[in-house]
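Colleague: Please take a close look at the charged pairs, and say how exposed their members are. After that, set them beside whatever else deserves attention.

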Amino acid sequence: MIQLEKSNHGKLAFTIKVGRNAFTTDVSEALGGDDLGADPHDLLDASLGACTALTVLMVARRKQMPLDDIKVTITHVEANGLYSLHRAIEFIGALTAEQREYLLGIAGKCPIHKAMQGRFEVTTVLAG
């Protein structure tokens, strides 16, 4: 479960609680916030990057591939009702061309990538 509560700091900042972890979300000063944390779009984009990096690293380790590090960069563009994500992946290590292609394919199988390519449904209820 993920919970959000208005932060004691900032005009629009919220504290996001995920299990034992907590972090802040906010918007830029240009949007009326104080830029105290990642904005919601950045968090969405980051979930794809994190899932990609974790999934690829876990598979590489399980297959004992010489992947020393992975760097993932996510950018997005919004236009005409389409939220378009671009993912760039850098593999660091003595991987063969075949291993690189295999791991690139694994990136497309991370759970967040698969969810984003499906349909989303959001239900909202009034709590309390």
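Modeller: A residue counts as buried under 20% relative accessible area, as exposed over 50%, and as partly exposed in between. Asp34, at 23%, therefore falls in the partly exposed class. The model is a predicted one, and everything below is computed from it.

Asp34 has a partner in Lys11: the two form a salt bridge in which the closest N and O atoms are 2.9 Å apart. This pair links distant parts of the chain, with Lys11 in the loop between E1 and E2 and Asp34 in the loop between E3 and H1, 23 residues apart. On the Lys11 side of the bridge the relative accessibility is 54%, so Lys11 counts as exposed.

How many salt bridges are there by the rule used here? The count is 2. Side chains of opposite charge can pair when their charged atoms come close. Besides the pair already described, Lys17 forms a salt bridge with Glu5, and there the closest N and O atoms are 3.5 Å apart. Lys17 belongs to strand E2 and Glu5 to strand E1, so this bridge ties together parts that are 12 residues apart in sequence. Lys17 has 32% relative accessibility and is classed as partly exposed. Glu5, at 42%, is also classed as partly exposed.

The loop that carries Lys11 is also the place of His9, between E1 and E2. His9 has 56% relative accessibility and so counts as exposed. The C-alpha atoms of His9 and Leu36 are 8.4 Å apart in space, although the two residues are 27 apart in sequence. Met116 and Leu126 give the reverse kind of case: they are 10 residues apart in sequence, with 26 Å from C-alpha to C-alpha. Met116 lies in helix H3 and is partly exposed, with a relative accessible area of 23%.

Strands E1 and E2, which hold the Glu5 and Lys17 pair, come up again at the largest pocket. Its volume is about 410 Å³. Of the 18 residues lining this pocket, those closest to its centre are Ile2, Ile16, Pro40, Leu43 and Leu44. Two or more lining residues come from each of strand E1 (2–6), strand E2 (14–18), strand E3 (21–25), helix H1 (40–62) and helix H3 (111–117). H1 gives the largest share, 4 residues. By residue class, the lining divides into 15 nonpolar, 2 polar and 1 charged.

The cysteines need a separate word. A disulfide is a covalent bond between the sulfur atoms of two cysteines. Which bonds of this kind does the structure hold? The count of disulfides is 0. The sulfur of Cys51 is 3.2 Å from that of Cys110, the closest cysteine sulfur, which is too far for a bond. The cut-off for a disulfide is 2.5 Å. Cys110 is likewise in no disulfide, its nearest cysteine sulfur being that of Cys51. Cys51 counts as buried at 12% relative accessibility, and Cys110 is buried with a relative accessible area of 0%.

Further along the chain, strands E4 (residues 67–79) and E5 (residues 82–93) run antiparallel and are joined by 12 bridges. One of the partnerships sets Asp69 against Ile92 in E5. The hairpin of E4 and E5 has 2 residues between the strands, and there Asn80 takes a positive phi near 55°. Asn80 is thus a residue other than glycine with a positive phi. With a relative accessible area of 84%, Asn80 is exposed.

Gln64 is another such case: its phi is positive, about 55°, although it is not a glycine. Gln64 sits in the loop between H1 and E4, and it is exposed, with a relative accessible area of 72%.

To return to the request: Lys11 counts as exposed, while Asp34, Lys17 and Glu5 count as partly exposed.

Note on methods: Residues numbered from 1 in each chain as written. Predicted model: local features only at pLDDT ≥ 70, side-chain atom pairs only at ≥ 80, totals over all residues. Heavy atoms only, no water. 1 Å grid on protein atoms, 1.4 Å probe; cavity = no way out; pocket = protein on both sides within 12 Å on 5 of 7 lines; lining within 4 Å. Points joined across faces, edges and corners; volume = space filled by probe spheres on them. Nonpolar A, V, L, I, M, F, W, Y, C, P; charged D, E, K, R; others polar. Salt bridge = Lys/Arg side-chain N within 4 Å of Asp/Glu carboxyl O. Buried < 20%, exposed > 50% of the residue type's maximum accessible area, 1.4 Å probe, protein only. Pairing = 2+ DSSP bridges.
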